[in-house]
Structures are given as structure tokens and as C-alpha cells.
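Please look through the sequence and the structure shown below before reading on. The report that follows is a short guide for a reader who is new to them.

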Amino acid sequence: MTVSRIVEKHGNNRENLLQIMHDIQDAATDRCLHRDVLDELSDIMNIPVADLVGTATFYSMFSLTPRGRHIIRLCESPPCYILGSDNILEALRERLDIGIGETTPDGLFTLEHTSCLGACGVAPVMSIDDEVYGNLTTGKVNAIIDQIVENQIAAARNRK
Ligand code: FES
């Protein structure tokens, strides 16, 4: 979907900016906000590019650099940390061979930290794209990643 159509969908109003930027980022195959797209958005919404860049850098859900197809966000807030999020991070690092802020060479996963995801009752917690996973263990993390990789392979097969 083009920038203008996304703006049209939400309404060209500054109060809709976060949702508009979210959809624009989602539409990008590398899940980031490119400068040329922000220039276009600036023209359409009559908002200075500096403001858009400021918004993109203020909110952790936005990125100005390319990321993987799936964004893994591991909660690092105290309740999750106390219940072992550092062990989950280690499991993710081992499984994906990347650290926080990095993307796997195949472009499938980017690993990030996040603050509370609002699911402290099932800590430790991570989200992958829009899905939240709780009561994480090393085994559960590996099973979730396995499932996503399998889905990816099946989707690629179906496209052939
Ligand atoms: S502290 Fe991790 S989900 Fe709330």
C-alpha cells in the first residue's frame, strides 16, 4: 500500500500519525521507515521531516534501519527479569546466533529488548510481531522459533 493510501485510510490528521507510521513500517519488507518514505509522508501531512524522525526515534516500535521479517521483542522490565528473561535472552542468542539489535543473516528475525508488554502475570514474556508469548522457557522459545521457520518454509513452497 502506498504512503498516500495509508494516510487516506487513517485520515490526514496529526493525531493519526503513530498508526500511519506503524502501517507504513509494516508495509516495508525490511520493517523500517526509509528516509524517502518519511520525505513523502512529510509532504502529504505537512509535518517537518525532523518531527517524523524524532517520532520514529522516540518510540521503540519504530526503526530507521532495516530489520528482519519477524521482530522478536524480549521484555526486560523487572518482573520478567526476576523470572528469568536473561535465560530467555541466552536461549534466543544461542538459537539465532544474534544479539540485541541484530538481524539474522537470512533476514528472518530481528532481536530487540522492550519494556513491559502488559503481560507480567505470565512472565517472562516476549512478543513476535503482534503475538505475545508468556511463561517462556528455553524449550518453549525453541519450539516457537521452529514453528515460525516451518511456516516460512511452507509459505515459500506454496508460492512456487
Ligand atoms: S514486566 Fe514483562 S510483560 Fe510486564
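How many bridges join strand 1 to strand 2, and do the two strands run parallel or antiparallel? Strand 1 and strand 2 run parallel, and six bridges join them.

## The sheet

In this predicted model, four strands make up an open sheet with mixed pairing, and their order across the sheet is 2-1-3-4. Strand 2 (109-114) and strand 4 (131-133) are the edge strands, and because each has a single partner strand, one side of each is left without a neighbour in the sheet. From one strand to the next, the twist averages 25°.

## Pairing between strands

Within the parallel pair of strand 1 and strand 2, Leu74 has His113 of strand 2 as its bridge partner. Strand 3, which spans residues 126-128, pairs with strand 4 in the antiparallel sense, and this pairing extends over three bridges. Here Ile128 has Glu131, a residue of strand 4, as its bridge partner.

## Helices on the sheet

Helix 6, made of residues 85-96, packs on the sheet and touches strand 1 (70-75), strand 2 and strand 3, while its direction makes about 155° with that of strand 1. Helix 7, made of residues 138-159, also packs on the sheet, where it touches strand 1, strand 2, strand 3 and strand 4, and its direction makes about 5° with that of strand 3.

## Cover of an edge strand

Although strand 2 stands at an edge of the sheet, this strand is mostly covered, with five of its six residues buried. Both helix 6 and helix 7 touch strand 2.

Notes: Residues numbered from 1 in each chain as written. Predicted model: local features only at pLDDT ≥ 70, side-chain atom pairs only at ≥ 80, totals over all residues. Heavy atoms only, no water. Pairing = 2+ DSSP bridges. Axes fitted to C-alpha atoms, helices over the stretch in contact; angles between N-to-C directions. Contact = heavy atoms within 4.5 Å. Buried < 20%, exposed > 50% of the residue type's maximum accessible area, 1.4 Å probe, protein only.
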